[in-house]
4 protein chains.
Amino acid sequence: MGNRVRAVVAGATGYSGRDLIKYLLHHPQIELAGAFASRSGEPAPLKLIHPQLTGLTDLVCQPFDESAVAKLDPQVIFLGTPNEFSHEVVPALLESGATVVDLSGAFRLRDASLYPKYYGFEHARPDLLGKAVYGLTEFVRQELRGAKLIANPGCYPTTIIVPMKPLLDAGLIDTDQPVICDSKSGVTGAGKSPTAGTHFVEVSESFKSYNVFKHRHTPEIAQGLGLANSPNSLIFTPHLLPINRGILSTIYAKLNDGVTRADILKAWQEAFPASSFVRIFDSAQLPEIKFVANTPFCDIGCAVDAASGQLIVVSAEDNLLKGAASQALQNANLALGFDEGAGLR
Amino acid sequence: MGNRVRAVVAGATGYSGRDLIKYLLHHPQIELAGAFASRSGEPAPLKLIHPQLTGLTDLVCQPFDESAVAKLDPQVIFLGTPNEFSHEVVPALLESGATVVDLSGAFRLRDASLYPKYYGFEHARPDLLGKAVYGLTEFVRQELRGAKLIANPGCYPTTIIVPMKPLLDAGLIDTDQPVICDSKSGVTGAGKSPTAGTHFVEVSESFKSYNVFKHRHTPEIAQGLGLANSPNSLIFTPHLLPINRGILSTIYAKLNDGVTRADILKAWQEAFPASSFVRIFDSAQLPEIKFVANTPFCDIGCAVDAASGQLIVVSAEDNLLKGAASQALQNANLALGFDEGAGLR
Amino acid sequence: MGNRVRAVVAGATGYSGRDLIKYLLHHPQIELAGAFASRSGEPAPLKLIHPQLTGLTDLVCQPFDESAVAKLDPQVIFLGTPNEFSHEVVPALLESGATVVDLSGAFRLRDASLYPKYYGFEHARPDLLGKAVYGLTEFVRQELRGAKLIANPGCYPTTIIVPMKPLLDAGLIDTDQPVICDSKSGVTGAGKSPTAGTHFVEVSESFKSYNVFKHRHTPEIAQGLGLANSPNSLIFTPHLLPINRGILSTIYAKLNDGVTRADILKAWQEAFPASSFVRIFDSAQLPEIKFVANTPFCDIGCAVDAASGQLIVVSAEDNLLKGAASQALQNANLALGFDEGAGLR
Amino acid sequence: MGNRVRAVVAGATGYSGRDLIKYLLHHPQIELAGAFASRSGEPAPLKLIHPQLTGLTDLVCQPFDESAVAKLDPQVIFLGTPNEFSHEVVPALLESGATVVDLSGAFRLRDASLYPKYYGFEHARPDLLGKAVYGLTEFVRQELRGAKLIANPGCYPTTIIVPMKPLLDAGLIDTDQPVICDSKSGVTGAGKSPTAGTHFVEVSESFKSYNVFKHRHTPEIAQGLGLANSPNSLIFTPHLLPINRGILSTIYAKLNDGVTRADILKAWQEAFPASSFVRIFDSAQLPEIKFVANTPFCDIGCAVDAASGQLIVVSAEDNLLKGAASQALQNANLALGFDEGAGLR
């Protein structure tokens with residue numbers, strides 16, 4: 001196993017980091033060489049941080065430090081770290097020649113001017129924004145080969161861009177009516193830090209919208225779909241579900257005249273071959289969160305009202321997997337020249 | 001207490017029936033004279049059917065029988081029964097002179113021709129459809145005085161008609177863009193019968209849409225809002241939340257030119273005085289299900305994107321209370337000449 | 001209403017404080033004169049802290065300050081505050097002549113020497129420990145009349161002392177075998193502060209024991225039952241349920257020779273008349289959390305294996321109500337000379 | 001892959017059957033040759049029965065029929081079927097020479113006389129009860145080699161026998177005090193049929209005990225531990241948790257004089273090598289359900305009160321995996337001569 005590719009995971013204490021580590025511990029061509037937390041803190045065995053990993057690894061999670069990372073000589077570095085943290089460390093990490101898969105939003109938007117408003121910081125490296133591959137795997141397989149900086153998509157955007165991009169690209173959608181995305185996410189999407197908003201009692205037996213008209217995934221979705229970043233063309237409303245894992249998006253759009261459900265299914269089938277991690281629901285059954293929880297799939301389905309030409313798309317994924325860790329691994333596999341699904345099945 | 005009004009509850013074994021009984025057991029002017037289940041079955045103490053009622057009542061729930069109801073000489077009869085059952089028994093019950101509050105959909109639609117498609121039966125009494133008061137209390141207080149047949153609104157429609165009717169009536173909404181209602185309900189809305197769809201394991205840690213473009217509450221909402229029953233003007237998509245009680249609706253609409261958030265709040269304030277069971281959220285805080293669970297309120301709030309004129313309304317209620325039992329009691333109170341909130345605070 | 005008793009609630013930002021306020025807002029003989037948070041912080045309307053209270057009160061919650069409390073001239077003060085806070089402020093509050101109902105553990109244990117080990121502080125007022133009435137209402141109605149300091153029982157102890165004290169007092173239990181209390185609580189019992197242990201994702205779809213052999217309620221239970229504070233006579237194991245409200249305790253004990261289930265039910269019936277807030281389940285149905293959630297009752301039931309003389313008691317309560325707020329109000333009502341159930345039905 | 005072992009799963013529509021199929025679809029040495037439901041019903045693709053399996057298999061689930069099974073010439077047959085069904089079909093299936101792994105209780109108890117009381121039927125094949133290997137893998141690896149009939153253990157018994165058998169075998173437990181097992185299970189343990197007891201609303205936000213002193217797993221646990229089937233030596237109380245998957249058992253026992261926590265950990269380490277599917281928690285951290293959900297492990301840990309010699313063991317597993325499907329596969333692997341963990345990591 002000496003010639004397996006060496007990987008490092010930073011942000012190993014979070015939920016995405018943990019799930020990425022689970023995959024890497026069973027990957028046939030990649031070995032987990034190191035795991036890092038934030039800069040401060042003490043080293044601690046991964047199995048104490050995530051007792052789920054008991055019996056699976058004795059690796060010790062270290063405080064993040066560029067030289068400690070470099071010493072491990074990794075060929076691929078996964079960053080499950082906060083936006084500002086990724087923004088800060090990516091340039092130096094890239095210099096080592098490793099492929100960097102960043103699960104944060106720090107390199108997702110091509111337009112640097114959006115960062116102050118949506119992320120609260122001025123972007124220092126607009127040049128890298130131009131070079132980063134936005135890793136919604138299914139649409140950029142060629143660009144991923146040999147890529148050095150991969151901006152792994154946001155969890156919400158994945159559920160919306162996957163089904164809608166092929167329809168918009170094929171000219172099936174009447175964009176005079178805004179595309180309305182009503183999305184619902186489990187609580188792992190809010191991260192592991194305890195806050196008033198993630199307290200069990202505040203979430204359980206409840207449901208709420210949040211960041212209405214203001215969520216930072218809105219410009220990312222608009223960019224991915226080629227729509228203007230305005231509620232006249234795109235409305236995105238996130239909600240918090242009292243569950244651990246999973247996102248379901250209900251998407252409303254107007255079809256161009258004469259477009260049928262069969263046209264939509266055809267556009268999807270051309271975009272997503274049977275071997276891919278996008279599953280097309282072509283029967284009356286629509287996607288539900290329980291079908292994708294703990295899997296690397298994004299499920300998509302739709303209903304059409306023929307008389308009015310109104311379309312409803314329903315998509316679902318596990319936000320920690322296709323919305324984070326498993327898509328990161330799809331991307332890394334392709335960047336490194338492996339089979340896209342290695343370690344994922 | 002001999003001169004209190006005598007009430008009967010049919011459908012006492014269901015969730016709405018149970019919650020209605022809880023209210024009636026503490027009502028200052030109404031006494032619970034009898035409780036009935038479906039036609040078959042054996043008599044059983046309410047406290048064995050609903051152990052929550054232990055210590056609160058020794059009343060025995062009887063199999064439904066018109067003559068047994070009549071013998072109790074009730075002035076008000078609440079029906080928490082299936083649609084077909086209400087459709088069948090209401091005409092005879094009305095002849096006794098009692099006020100009938102029907103919580104089913106049997107008398108909600110004025111257009112009898114919609115019943116076969118949405119309810120699966122031909123309506124036998126279109127004349128009664130014309131006479132029934134559609135009891136969305138806040139809009140029909142005058143009509144309710146002395147009313148004999150009250151069609152209590154559906155749980156979903158209440159959350160949508162309450163906030164949107166005042167806006168449509170005031171001409172604030174541009175109806176060229178469809179009004180899109182993305183609604184999410186807890187499982188009590190599906191009733192008490194065990195089905196594959198209400199099995200704990202199928203609901204917990206999941207989330208799904210259902211009856212897309214086809215739910216029977218769609219024509220009820222269209223009627224309540226004065227919109228055409230077509231996805232060109234109104235789209236309603238229900239979803240199932242892994243919680244017991246509560247509905248949250250996220251409603252998307254286009255404002256007419258120049259309409260502001262202040263105009264919306266003003267329309268609501270005129271429609272719903274502070275004393276009512278509709279609470280207006282006029283700060284940045286939007287309604288959430290936990291704020292209304294186990295209360296008789298419908299909460300409403302909104303966000304507006306000024307540049308595009310797009311409106312998002314968020315409303316919430318307890319589906320068993322404002323969406324069923326407490327609204328039934330508001331209606332009965334007004335029909336009987338009592339204070340609207342008697343027994344509800 | 002000028003001659004209603006004036007009440008103050010400190011710790012109004014917590015869950016018990018909130019539920020107590022809900023009761024007080026509808027109490028026929030008590031009016032809520034003021035609400036206080038901790039010492040620091042800014043004044044804020046209760047309805048912003050607890051949006052559930054929207055439309056019910058316009059009271060502003062103030063930072064705690066003895067002189068501000070005194071200015072309101074309350075006859076009864078409820079403390080839903082941390083142990084150390086209550087320990088500090090109670091002596092001064094008592095001097096005003098008001099009745100103090102302390103929901104913390106600061107004055108529950110008669111033996112001051114237990115405080116360092118179980119509460120982490122040296123008790124400064126052992127004299128008050130001797131004077132405080134341990135307010136498990138059902139057993140101390142006489143002592144409560146005119147009481148000035150009431151130590152409201154812990155949530156877990158209530159579920160155990162209520163069913164077991166009458167059995168031990170009647171000599172039905174063989175104490176050679178330890179009384180084993182396996183208790184399970186909802187998350188509101190852990191308070192409102194966000195911690196790793198109350199994060200939704202760490203609680204949902206999981207279950208755990210905690211503080212095994214070490215929980216601070218152990219000596220309180222032993223005191224209440226007259227058992228030695230040792231695992232040889234009493235074992236108490238708390239667990240965390242993925243629900244908001246409610247405790248269920250499963251209690252194992254050995255009966256003395258010849259004792260039957262009928263003897264147990266008889267002891268309970270003598271201790272708890274039908275009018276009380278303890279409900280005896282005398283059929284095959286045992287208590288469940290859903291029967292008591294959002295009610296002021298403690299439900300108790302049992303099963304006996306006649307051949308072996310082994311007893312299993314199952315009890316349940318809402319930890320925020322009979323385990324906190326409603327029991328506090330039972331106690332205050334009796335101390336102030338009102339009907340025990342005033343404001344609770 | 002032509003020389004892989006051919007497997008059949010009967011009871012493929014249930015939760016255990018589904019999870020077993022998920023394992024088999026990725027097993028390196030076993031191929032899934034067929035899937036069967038109950039005797040009646042129509043053939044249906046597995047991916048329509050369990051949409052989770054979309055994209056993973058196109059196999060069609062058939063109505064059960066002995067000759068249809070035989071036609072597939074399976075070397076191993078898994079039965080995730082009801083007790084009576086397994087009892088009826090096992091004898092004929094054995095004649096084919098295949099190894100039968102029965103996940104029901106039909107062949108678990110060696111004493112045939114217990115079947116009428118605990119399972120409601122007279123056992124027709126006491127001879128097979130004597131030949132069946134009770135497949136708690138960790139204790140019967142030798143007996144499993146080449147075994148033809150394996151009675152896969154119950155979900156609850158696995159969590160109790162795993163930690164307690166080594167302690168009883170080593171003479172560490174004082175059996176004068178009953179071993180008390182307070183167990184809590186998720187709802188998948190109740191099966192997939194919708195019943196009043198598995199309705200979401202009856203389970204969510206609640207918790208209950210059931211079958212107190214009467215659960216059919218009691219004699220199975222007593223047999224596994226070599227204890228008498230009486231509450232004098234063993235008490236087992238199951239409870240229903242509002243979660244999907246997982247069991248946690250809290251077990252109370254008295255240690256013999258001088259036995260320490262170190263002695264317990266040593267007994268466990270000797271019984272369960274690091275490579276096994278039993279994980280020993282030897283720090284202060286005790287097992288929790290979230291650590292084992294969706295894994296094939298049984299986690300065990302303990303606390304001891306040295307002064308009194310009282311022991312509390314906490315164990316946890318995923319009831320569908322180590323409590324059913326993954327243990328079935330451990331057993332099949334050993335019976336067929338494969339590595340115990342094949343297909344499980």
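**Exercise 1. Find the residue that pairs with E340(A) in a salt bridge, and work out where in the chain the two partners sit.**

Step 1. Keep in mind that you're looking at a predicted model. Side chains of opposite charge can pair when their charged atoms come close.

Step 2. Look around E340(A): its side chain meets that of R141(A), with N and O 2.5 Å apart. That's inside the 4 Å cut-off for a salt bridge.

Step 3. Now place the partners. R141(A) belongs to helix α7 (residues 141–144) of chain A, while E340(A) lies in the segment after α13 (325–336) of chain A. With 199 residues separating them, the pair ties together distant parts of the chain.

Step 4. Put this pair in context: over all chains, the structure holds 70 salt bridges.

**Exercise 2. Describe the contact between chain B and chain A: how many residues take part, and how much area is buried?**

Step 1. Count the residues: chain A gives 40 and chain B gives 40.

Step 2. Turn to area. The size of an interface is often given as the accessible area lost when the parts come together. Here about 3400 Å² is buried between chain B and chain A, and 63% of that is on carbon and sulfur atoms.

Step 3. Check for charged pairs. Four salt bridges cross the interface of chain B and chain A. One spot to zoom in on is K290(A) with E202(B), a salt bridge whose closest N and O atoms are 3.0 Å apart.

Step 4. Sort the residues on the side of chain B that touches chain A: 20 are nonpolar, ten are polar and ten are charged.

Step 5. Add the polar contacts between chain B and chain A, and you get 18 residue pairs. Elements giving two or more residues to chain B's side include β12 (234–240), β13 (247–255) and α12 (289–292) of chain B.

**Exercise 3. Work out which strands stand at the edges of the eight-stranded open sheet in chain B.**

Step 1. Write down the strand order: β3-β4-β2-β1-β5-β6-β8-β7 (chain B), with mixed pairing.

Step 2. Read off the ends. β3 (44–45) and β7 (133–134) of chain B each have a single partner strand, so one side of each has no neighbour in the sheet.

Step 3. Try one pairing inside the sheet. Strands β6 (residues 99–102) and β8 (residues 149–151) of chain B run parallel and are joined by three bridges. Across from V101(B) you'll find I150(B) in β8(B).

Note on methods: Residues are numbered from 1 along each chain as its sequence is written. Chains are lettered from A and ligands numbered from 1 in the order in which they are written. This is a predicted model: local features need pLDDT of at least 70, side-chain atom pairs count only at pLDDT 80 or more; totals for chains, interfaces and linings use all residues. Side-chain values use heavy atoms; hydrogens and water are left out. Contact means heavy atoms within 4.5 Å. Buried area is the accessible area (1.4 Å probe) that two parts lose on being put together, summed over both. A polar contact is a pair of N or O atoms within 3.5 Å; within protein, one must be able to donate a hydrogen and the other to accept it, and residues adjacent in sequence count only if both atoms are side-chain atoms. Helices (H or I, at least four residues) and strands (E, at least two) are DSSP runs, numbered from the N terminus. Ala, Val, Leu, Ile, Met, Phe, Trp, Tyr, Cys and Pro count as nonpolar, Asp, Glu, Lys and Arg as charged, and the others, Gly among them, as polar. Two strands pair if DSSP finds at least two bridges between them.
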